[in-house]
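Student: I would like a close look at a single part of this model, taken slowly and with its surroundings included. Could you take me through it in one connected account?

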Amino acid sequence: MSSPTRNFDPEPGSVRSGSAALGKNVTVKGQIFAREDLTIDGEVEGTVECHEHRLTIGPNARVQAGLKAREIIIQGSIQGNVDATDKIDIKKEAKLVGDIKTSRIVIEDGAYFKGSIDISKPNAAKPAPQPAPSVSSSQPLSQPPLSTPTPVTAGSVK
Amino acid sequence: MRFGATTGAPTKPSPKDAPPALTRHSSGFDQFCGFLRSTEGLSILDMSGASQANITFITSLGHRISSDDIVGTMQQCFGADFLDNQQAASNAQRFIEQTLTFPDESFDGALVWDALQFLVSPVLEDTVEQLLRVMRPGGMILLFFNADEKATRTPVYNYRIQDQKTLLQTPRGGYQRSQHFNNRMLERLFERAASVKFFLTRDHLREMIVRR
């Protein structure tokens, strides 16, 4: 008699929330890698990488880590370098000691920050190459395509 | 040469006693901006704490900015009375350990604003030594000092850049006793610097540029 198989796949139709959270009573020591938005409100020691997503450091958070994300919102305490490809938003209750690297920064009055700021603008988007006009290989390029009608005026045809 | 404290009782700031916000034209900052515009990629230290205005202004010119709130450190280490409480060796040591904690020759420019007027010997000389240490040769330092020798209390301000010639002084934490310096005292304080330049002003603030 075979044992029943157990299916651990998500039920059809279920939807992932798209964000993760570490509560204020959670402590993590080590490396965190996230492939979705992440909110940290506890204690973290190590590194946090959240490429292409938003990382929020909540008001109760105490982080001693290097942070990398697309966008970083800071409300708590951080000791470590912060690297955001798009934007860093430092709220007035935040405390940040470390170096910042980003394209844009917003800092509210009252926020405590000690460190350096490097603003690196993203490379300007190169214009998309224009598609070459379609021309039949049997026609010389200097002549108009045969599909273009040539206007004929009265009396011009003999 | 020892710099002594001015007399006068320390005051506890109250809402009614809050100094006003001021907008002022600054010839010293105008000259500092000439230095900023002369090249890109400079490393600038702003000792008035992090602010959107200053960060945007400096980084828009293509420079790197570092922030350090020296007056905030004074408040942490010296409490309500800067001049009295920095006489305690433990407070002074704690202040020096937390201020200008950067490697040697880290900066091309520094905006010290008026912070040094709230320091007395020996903390003042120790801080100036650290300031010159973190500056690169040829680096430029902008400083302000209260020029009113009759003033017993000086408002404590944040300095926010409005444009190349204009600063916004926003009050923080009421008043503190401060030293009064004349030009000769300041020249001796920065005698290790390459050059010192003073700017005439119409108000009670003496502006100076020091070249490391």
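Student: Which strand of chain B do the bridges join to β10(A), and do the two run parallel or antiparallel?

Tutor: The model is a predicted one, and that holds for everything that follows. The strand in question is β3 of chain B, residues 64-67, which three bridges join to β10(A), and the two strands run antiparallel. Within this pairing, Gly115(A) stands opposite Ser67(B) of β3(B).

The pairing belongs to a contact that takes 11 residues from chain A and nine residues from chain B. On the side of chain A that touches chain B, the elements giving two or more residues are β9, residues 100-107, and β10, residues 112-119. The largest share of that side, seven residues, is supplied by β10(A). Sorted by class, the side of chain A that touches chain B consists of seven nonpolar, two polar and two charged residues.

From chain B, the helix α2, residues 52-60, also belongs in this picture, since the cover over its buried residues includes β9 and β10 of chain A together with β2, β3 and β6 (154-163) of chain B. The buried residues of α2(B) are Asn54(B), Ile55(B), Phe57(B) and Ile58(B). Their directions cover an arc of only 170° around the axis, which puts these residues on the same side of α2(B). As general background, an α-helix has 3.6 residues a turn, so residues three or four places apart point the same way. After α2(B) comes Gly62(B), with a positive phi near 85°.

On the other side of the contact, chain A has zero helices and 10 strands, and of its 158 residues 23% count as buried. Among the contacts in chain A with a separation of 6 or more, 1% are accounted for by residues 24 or more positions apart. In strand β9 of chain A lies Ser103(A), which is partly exposed, with 13 other C-beta atoms within 10 Å. Ser103(A) is 32 residues from Glu71(A) in sequence, and the two are 9.9 Å apart in space, C-alpha to C-alpha. Elsewhere in chain A, Glu52(A) lies in strand β4, residues 43-57, and has a positive phi of about 65° although it is not a glycine. Glu52(A) counts as partly exposed, having 13 C-beta neighbours inside 10 Å.

Returning to chain B, the strand β2(B), which was named in the cover of α2(B), leads on to another part of that chain. Three bridges join β2(B), residues 43-46, to β4(B), and these strands run parallel, with Asp46(B) standing opposite Leu111(B) of β4(B). On β4(B) there are also five bridges to β5(B), again in a parallel arrangement, and here Ala110(B) stands opposite Ile141(B) of β5(B). The chain crosses from β4(B) through α6(B) to β5(B), and this β-α-β crossover is right-handed. Seven of the seven residues of β4(B) are buried, so this strand is largely enclosed by the rest of the structure.

The helix of that crossover, α6(B), comprises residues 123-134; its 12 residues reach 17 Å from the first C-alpha to the last, close to the 16 Å expected at 1.5 Å a residue. Buried in α6(B) are Val123(B), Thr127(B), Val128(B), Leu131(B) and Val134(B). These residues cover an arc of only 130° around the axis, which puts them on the same side of α6(B). Their cover includes α5 (89-98), β4 (107-113), β5 (135-146) and α7 (183-189) of chain B.

Two details of the backbone lie in the loops on either side of β4(B). In the loop between β4 and α6 of chain B is Pro122(B), and a cis peptide bond with omega of about -5° joins Ser121(B) to Pro122(B). In the loop between α5 and β4 of chain B is Leu100(B), whose phi is near 55°, a positive value in a residue other than glycine. Leu100(B) counts as buried, with 24 C-beta neighbours inside 10 Å. For context, most residues other than glycine have a negative phi, and most peptide bonds are trans.

Notes:
Residues are numbered from 1 along each chain as its sequence is written. Chains are lettered from A and ligands numbered from 1 in the order in which they are written. This is a predicted model: local features need pLDDT of at least 70, side-chain atom pairs count only at pLDDT 80 or more; totals for chains, interfaces and linings use all residues. Two residues are in contact if their C-beta atoms, placed from the backbone, lie within 7 Å. Helices (H or I, at least four residues) and strands (E, at least two) are DSSP runs, numbered from the N terminus. Ala, Val, Leu, Ile, Met, Phe, Trp, Tyr, Cys and Pro count as nonpolar, Asp, Glu, Lys and Arg as charged, and the others, Gly among them, as polar. Two strands pair if DSSP finds at least two bridges between them. The expected span of a helix is 1.5 Å times one less than its number of residues. A residue is buried if 20 or more other C-beta atoms lie within 10 Å of its own, exposed if 12 or fewer, and partly exposed in between; C-beta atoms are placed from the backbone. The arc is that of the directions from the helix axis to the C-beta atoms. A crossover is right-handed if, with the strands pointing away from the viewer, the path from the first strand over the helix to the second runs clockwise.
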